[in-house]
Amino acid sequence: MNKPSARKLHRSLAWVMVFGLVYLTLSGVLLNHSKALDLPNIDIKNPLLLKWYGQSAAVVSQSFSVNQHWITRINQNLYWDDKLLPLQGEIYQILPHEPFLFIRQASQVAFLSSTGELIDLIPLPEKLQKQNESQLFVSQQQIYLMIDQQVWSLNAEYSEFVLNTDNATSTFKMTTEALTNNPLPETLKTKLLALAPSGLTLEKIILELHNGYFIGSIGPWLLDLFALLILITIITGIRLHIKK
Amino acid sequence: MNNLALFLVSAKQISSKPIRALLLVGLISFSAQIHAAALSEESAAFLASHLQENPNKQYQWLTGEVKKQVTLVLDHPYYTLRVPYWQSGRDDNRKTVWILEEIGKHKPITVGIVIQNQQIKSLRILKFRESRGWEVELPTFTQQFDGIALKSPVDLNNIDLTTHIDGISGATLSVRAVTKLSKLALLLQQHIDTKQGSAKQLTPAPVKTHSLTNH
């Protein structure tokens, strides 16, 4: 390669690399100080970015009105009014039984006080797990769980369900109705949607911009190509320097 | 209505403080037996390896003064209002097993703690769910807790252990969570020992005062 051609190539490559190097340097510096900048805790709620990552925006999946309070599920998180509960996952059923409240889920029944404090988690026997059609009910102040004509009763300590040997379901008088889904008031809905974490953080986006995965598996290959261009620029620069 | 509901309903309706206190004592002493099926495999194995007799599952309620003290230890309230424990043996041979959980960074770490004579006899990580900080599961870390107790007299403003626990670089939050749980177990043990008449009563937690300013 003669001198004018090497100079032309060197200049063209240098212009391409200016942008790439600035972008990589800035993202690298940000990642180096990720904790100090609190990047892992900055939630991204932009619908386009969430869609790009295949994530759905926060939506109210379930909401129940309980004695002037609200139990809401947003994505996988459960809230008591605007307070995050230490519970996750789908609500199969909510049964109030003063002064308690029972939330039936796939593999457990959460046992709450009437003020929304979690008292304990009651594990469901394997047979009762993930059974959406099972029904929690109260009869004569006793809590029962019924499935396929089998009745399980909650023991006196509220720690486990025990299979009832006397399964004559006609003898039960259901005294408390389970709650049904109600539309959440708009003010609380807006507040909760603003509070709900999206699961996508600014740290993740900057990291994937830095390593190229933001545009998929082709990203790292493009960065490899960029590294190759840097090498070519160095070589053409050295050559120009020697042949001065 | 069962005992549990009766206690809470009564406590809500009764305005007299002494009667409420009595009800609370009743509530705290409330205990129950459990079947092993309700426990995870790791927890059941931990229990079986430390308590030979068929142990009773009992509950320590985290209400009132106990709740305040727990909040001081953890810097936040415990995630449930009751904590299970199992006991077997008598007098100096009585062992108590606590199974407690605390979040390291994002996910809860389940820890089993055996206490005898107000000292930790054994501590083991029963379930570690975080992606980092797994080093706390190593015996070289957990063995540091053997024989440890709460510094006496217990200062509720600064509950401390008799021996310093060495940290692990890269596992700071997990180490902190496990250390907090060890303090919590020892504190709760003092409460149940007080109840059972084998320990000095703890003084109430200090009340945080907030100065009021004109706006």
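What follows is a chat about strand pairing and domains in a predicted model.

Colleague: What makes strand E6 and strand E7 of chain A a pair?

Modeller: The cut-off is at least two bridges between the strands. E6 (residues 100–104) and E7 (residues 108–113) of chain A are joined by 5 bridges, so they count as paired by that cut-off. They run antiparallel. One bridge to look up puts A:Phe100 opposite A:Ser113 in E7(A).

Colleague: And why are E5 and E8 of chain A called edge strands?

Modeller: Start with the order, E5-E6-E7-E8 in chain A, an open sheet of 4 strands with antiparallel pairing. Strand E5 (93–97) and strand E8 (118–123) each pair on one side only, and that is what makes them the edges. As for twist, neighbouring strands in this sheet are turned by 20° against each other on average, direction ignored.

Colleague: How do you know that E9 and E10 of chain A pair as well?

Modeller: Same kind of check. The requirement is at least two bridges, and 5 bridges join E9 (residues 135–139) to E10 (residues 142–147) of chain A, so this pair qualifies too. These strands run antiparallel, and A:Phe137 stands opposite A:Tyr144 in E10(A).

Colleague: What sits between E9(A) and E10(A) in the hairpin?

Modeller: There are 2 residues between them, and A:Gln140 in the turn has a positive phi of about 50°.

Colleague: Which domains is chain A divided into?

Modeller: Domain 1 takes 3–52 + 206–242, and domain 2 takes 60–195. Taken over C-alpha atoms, the centres of these two domains of chain A are 51 Å apart.

Note on methods:
Residues are numbered from 1 along each chain as its sequence is written. Chains are lettered from A and ligands numbered from 1 in the order in which they are written. This is a predicted model: local features need pLDDT of at least 70, side-chain atom pairs count only at pLDDT 80 or more; totals for chains, interfaces and linings use all residues. Axes are lines fitted to C-alpha atoms, for helices over the stretch in contact, and angles run from 0 to 180 degrees between N-to-C directions. Domain bounds come from an automatic or database domain assignment.
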